[in-house]
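Please follow the account below with the model open beside it, moving from the nucleic acid surface to single buried residues and then to the charged pairs.

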Amino acid sequence: MSKRFYITTAIDYPNGSPHIGHAYEKMCADAIARFKRLDGFDVFFLSGTDEHGQKVQRNAEKQGITPKEFVDGLSAQFRAMGEAFDLSYDRFIRTTDEDHTHACQALWKRMEEKGDIYLSKYAGWYSVRDEAFYDEAETTLQPDGTRLGGQGTPVEWVEEETYFFRLSAYQDKLLALYDSGNFIAPQTRRNEVVSFVKGGLQDLSISRTTFDWGIPVPGNDKHVMYVWIDALTNYITGAGYPDLDGPRGKYWPADVHIIGKDITRFHAVYWPAFLMSAGVAVPKQVFGHGFVLFKGEKMSKSLGNVQDPFELVKRFGADQLRYFFMREIPFGQDGSFTEEAIINRVNADLANDLGNLAQRSLSMVNKNCDAKVPAKGALSDEDRALLDAAYALPAEARTAMGDYALHGVLNAIWKVVGDTNRYFAAQAPWALRKTDPQRMESVLWVTAEVLRVIGIMTQPFIPGAAPKLLDLLAVAEEKRLMAHAESSHALVPGVELPAPQGLFPRIVVEAGEGA
RNA sequence: GGCAGUGUAGCUCAGCUGGUUAGAGCGUGGCACUCAUAAUGCCAAGGUCGGUGGUUCGAGCCCACUCACUGCUACCA
């Protein structure tokens, strides 16, 4: 009975090309998924695109193509982004996938059987221009008798037949859920949701008749399911719902939904209520991460500062961006980036600290130890202290990962990288080469062994370079799990090593290029 | 307006249930070394811990007030 771990990201709405914010969420979730695999879990990692809705339908019409053709093109871009950032999805789900329709309709029927869905009318002040309903309090009555919405656009009274979900019946159960553990993280998001739910819940409109690009409501084709039923259900579609006894059913309930903080409510209120209604287990946790800002400002089309993830990868590299964002931004908080910050961080941590450490030590091994794992002599206190720090990493990392503190994991690892550089300088193996070659070998062995542990531990974050580092140390493919990051799997002296190669080139800013 | 949160070195942040000289990384200045990707190491400067007033033998950490900033306050996602 192996340990299982099911992690999802939000599915993206493809009404435009992906931006770096989409990539950020996915790379963080990917690092978590990879970390759990590294730690011996049977992981299922789900991401995808949310493809229905009025906006897609309209955009497709504008281009004179079908909605499906429209989303096919954009969904492909999101999938390409996954490849560009080395994302290890186990499935890339699309809400236009056949099994998803089946899952949504099954969920709907269960909720209906429970008596939680009823047909009624949704009425309110609607702004055609904003495509949004406004609360009466948000509107203002003009002298000429017309009424304007929150954005200053005209609104009209609209009544539409719609199905409602009896969300109001779930207030107490939801509050009990929030009370029982850490269903919502981080804490600040939890506070917001709790206060929202305590304020009282209204029933939720869950169908539309004004467009048809969506999943039909079972038994009433005039209606399609509205956003959240359709979108959220993807998480159980991924587990094979309604057949949770099938091959993937074992993954449900999900361990964590990684989402942007802006959609916390939908995941922490509506979603568990739907599931409770349908008699399906609720996910274990919803984690709302922060936003990535560019130079401290939100990125938007109007500001013209949207950062293209593909361009960034081309310029800096996938490992570099992954490392930067996960190290620099405490996971859960907002964070800002600039090209200069990326260059500084990448050069300092990856090129200078880790890359150069590997290079300086392994090139000595190559030249002075016959290109073999050096001989390990009696260990000094300094050797012992450094090795202990390295071997302590798995436990420290697991602790930090318990709160999905990706930055904390990297912090701990790079503390050891720093320790190793200090150790290397203090032991000065280049001097020992002349005075005490045996001791030199020991120092090089300790350094290489620590690099082995670092290589193992960094795999979730820099999945391109970490395996290369392990290759340089001739670590077998099957000995690269976290369980191997201990002394019983240490490097064996005498094993042949390949010639060292640079792991991370320094990023050089060309003259005249602003950073 | 209501609720919640944040404010600690130039920058980004740690600071456990209050307890000797408030920490890290980056940046800055100086020195050392030469194995290495002009990389690394050492040393140093630098903060009245937003402000005021309390509680306490003692507060960055507790209380009150105050200033600034942020988020949430339902059906665009």
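In this predicted model, a backbone N or O atom of Gly 355 lies 3.3 Å from a base oxygen of RNA strand B, while a backbone N or O atom of Asn 352 lies 3.3 Å from a sugar or linking oxygen of that strand. A phosphate oxygen of RNA strand B is approached by a side chain instead, since a polar atom of Tyr 226 lies 2.3 Å from that oxygen. The elements that give two or more residues to the surface near RNA strand B include strand 5 (132-134), helix 6 (187-198), helix 9 (264-278) and helix 15 (406-427), but helix 12 gives the most, with ten residues. Altogether 42 residues surround RNA strand B, and Glu 192, Gln 202, Tyr 226, Arg 265 and Asn 356 are the closest. Of the atoms of RNA strand B that come within 4 Å of the protein, 67% belong to sugar and phosphate. By class, this protein surface consists of 18 nonpolar, eleven polar and 13 charged residues.

Tyr 226 also appears among the residues touched by Ser 207, together with Trp 108, His 223 and others. Ser 207 sits in strand 11 (residues 207-208) and counts as buried because its relative accessible area is 0%; its side chain reaches the backbone nitrogen of Tyr 163 at 2.9 Å. Another buried residue, Asp 50, has no salt bridge, the nearest side chain of opposite charge being that of Arg 94, 10 Å away. Asp 50 is placed in the loop between strand 2 (42-49) and helix 2 (54-63), and its contacts beyond its sequence neighbours include Ile 11, Tyr 13, Thr 95 and Ala 231.

Elsewhere, the count of salt bridges comes to 28. Arg 345 forms one with Glu 328, the closest N and O atoms being 2.8 Å apart, and this pair links distant parts of the chain, with Arg 345 in helix 12 and Glu 328 in helix 11 (residues 318-328), 17 residues apart. Asp 419 and Arg 422 meet in a salt bridge at 3.1 Å, N to O; because they are three residues apart in helix 15, about one helical turn separates them. Asp 419 is buried, with a relative accessible area of 19%, whereas Arg 422 is exposed at 54%. Finally, a network of salt bridges links Asp 30, Arg 34, Asp 86 and Arg 322.

Technical notes:
Residues numbered from 1 in each chain as written. Chains lettered and ligands numbered in written order. Predicted model: local features only at pLDDT ≥ 70, side-chain atom pairs only at ≥ 80, totals over all residues. Heavy atoms only, no water. Near = heavy atom within 4 Å. Polar contact = N/O pair within 3.5 Å; in protein donor to acceptor, adjacent residues only side chain to side chain. Helix = DSSP H or I, 4+ residues; strand = E, 2+ residues; numbered from the N terminus. Nonpolar A, V, L, I, M, F, W, Y, C, P; charged D, E, K, R; others polar. Buried < 20%, exposed > 50% of the residue type's maximum accessible area, 1.4 Å probe, protein only. Lys, Arg positive; Asp, Glu negative; His and termini not counted. Salt bridge = Lys/Arg side-chain N within 4 Å of Asp/Glu carboxyl O. Contact = heavy atoms within 4.5 Å. Lists of a residue's contacts leave out its neighbours within four places in sequence.
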